[in-house]
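Here are my notes from going through this one. They are in numbered points, so you can check each against the coordinates.

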Amino acid sequence: MKRIAVLTSGGDAPGMNAAIRAVTRTGLDFGMEVFGVNHGYAGLISGDYRPLSARDVGDVMQRGGTFLGSARCPEFRTLEGQQKALNALAAQGIEGLVVIGGNGSQTGAHALSSLGFPVVGIASTIDNDLYGSELTIGVDTALNIALEAIDRLKVTASSHHRAFLVEVMGRDCGYLALMAGIAGGAEVIVIPEVEVSPEEIAQQLHAAYERGKAHAIGVVAEGATYNAERLVHYFKENRERLGFDLRSTTLGHVQRGGTPGAYDRLLATRLGVAAVQHLQKGIHGVLVGLQAGKIVPTPLDEVVTGKKELDLSLMELANILAK
């Protein structure tokens, strides 16, 4: 394999640039030409590629986001769009592709692989909901950003004896909320996987004050049935009965933009190197991810059909520690 390309797709994650760097320099070490695809699958279809040298990926590891860019591309979901991408790759003489991203990105990788093109995926999403990797690129940094916000809000909550909600990202997966809640000492954690009513949340917050706490912090995943906005509205509507209201802070995309920490830089580097090694050995149609401390491949067939389960026993642990 003489020419490979690398693209980033979906939501950006701290550490993506480190993965691009590792893919580029490993490919060059194997004597390959390496191309970067601008703007994800949209650039793949339009042929928006650029050659990458070792110097092109210098001084990028500490930068958040992805310097190749990312964009939504509804056209790529169609067979016609996928065929256009294959034609563009063939026109450039590219023989292998590395796709850095989460569920949607790896679904696209699987589509190309199913059409016979050599693809290797790299697990990257701050939601940590991708089957085939215990931890994905960006999770650790996003978690630390959320934790810093919780620590700061605790100071204000204690000063004013108030209850605060912190909403973190997590449309379908509560991993960030659960881990940030445990590490941040939250009294309440609300995630999509576990249904909880506003009344139960009110009871937990009241119980915190009854135990003598000067503050009460709730961490909420954005995809929970009762997210921060709905909870604030409920408490406002029932303030006289409940006896207090809630203040909320929504972190949103702040969690994506942080400078990647050491863990994410190292994980991204290991995954980037492994992706190129697999292509060089003729192993493709897989996602490279972290399992039991090792970088291992998982067939993309399994990745797009498998569901990564959250360890809900950690919710029991969180409830114990909140007391």
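1. Start with strand β5, residues 119–123: it pairs with β10 in the parallel sense, over 3 bridges. To find the register on screen, look for Val120, which sits opposite Val286 of β10. Keep in mind throughout that this is a predicted model.

2. β10 itself spans residues 286–291, and it is mostly covered, with 5 of its 6 residues buried. In a regular strand, side chains alternate between the two faces of the sheet.

3. What else does β10 pair with? Its other partner here is strand β11 (residues 294–299); the two run antiparallel and are joined by 6 bridges. A handy marker for this pairing is Leu290, which stands opposite Ile295 in β11. So β10 has a parallel pairing with β5 and an antiparallel one with β11.

4. The turn deserves a look if you care about backbone torsions. The hairpin of β10 and β11 has 2 residues between the strands, and Ala292 there takes a positive phi near 55°.

5. On to the helices. α6 (residues 175–183) packs against α12 (residues 313–321) at an angle of about 30°, their axes being 10 Å apart. Angles under 35 degrees count as roughly parallel, and α6 and α12 are therefore described that way. Their crossing is left-handed. On the α6 side, the contact is made by Leu178, Met179 and Ile182; α12 brings Leu314, Met315, Leu317, Ala318 and Leu321.

6. How are α7 and α8 arranged relative to each other? Helix α7 covers residues 198–210 and helix α8 covers residues 228–237; they pack at an angle of about 75° with axes 11 Å apart. That falls in the 65 to 115 degree range, so α7 and α8 are roughly perpendicular. In this contact, Pro198, Glu199, Ile201, Ala202 and Leu205 of α7 meet Leu231, Tyr234 and Phe235 of α8.

7. Last, the cysteines. How many disulfides does the model have? The count comes to 0, the rule being a pair of cysteine sulfur atoms within 2.5 Å. For reference, a disulfide is a covalent bond between the sulfur atoms of two cysteines. Are Cys73 and Cys173 buried or exposed? With a cut-off of under 20% relative accessible area for buried, Cys73 qualifies at 14%, and Cys173 does too, at 8%.

Definitions and conventions. Residues numbered from 1 in each chain as written. Predicted model: local features only at pLDDT ≥ 70, side-chain atom pairs only at ≥ 80, totals over all residues. Heavy atoms only, no water. Buried < 20%, exposed > 50% of the residue type's maximum accessible area, 1.4 Å probe, protein only. Helix = DSSP H or I, 4+ residues; strand = E, 2+ residues; numbered from the N terminus. Pairing = 2+ DSSP bridges. Axes fitted to C-alpha atoms, helices over the stretch in contact; angles between N-to-C directions. Parallel < 35°, antiparallel > 145°, perpendicular 65-115°, else oblique. Left-handed = near helix turned anticlockwise from the far one by under 90°. Contact = heavy atoms within 4.5 Å.
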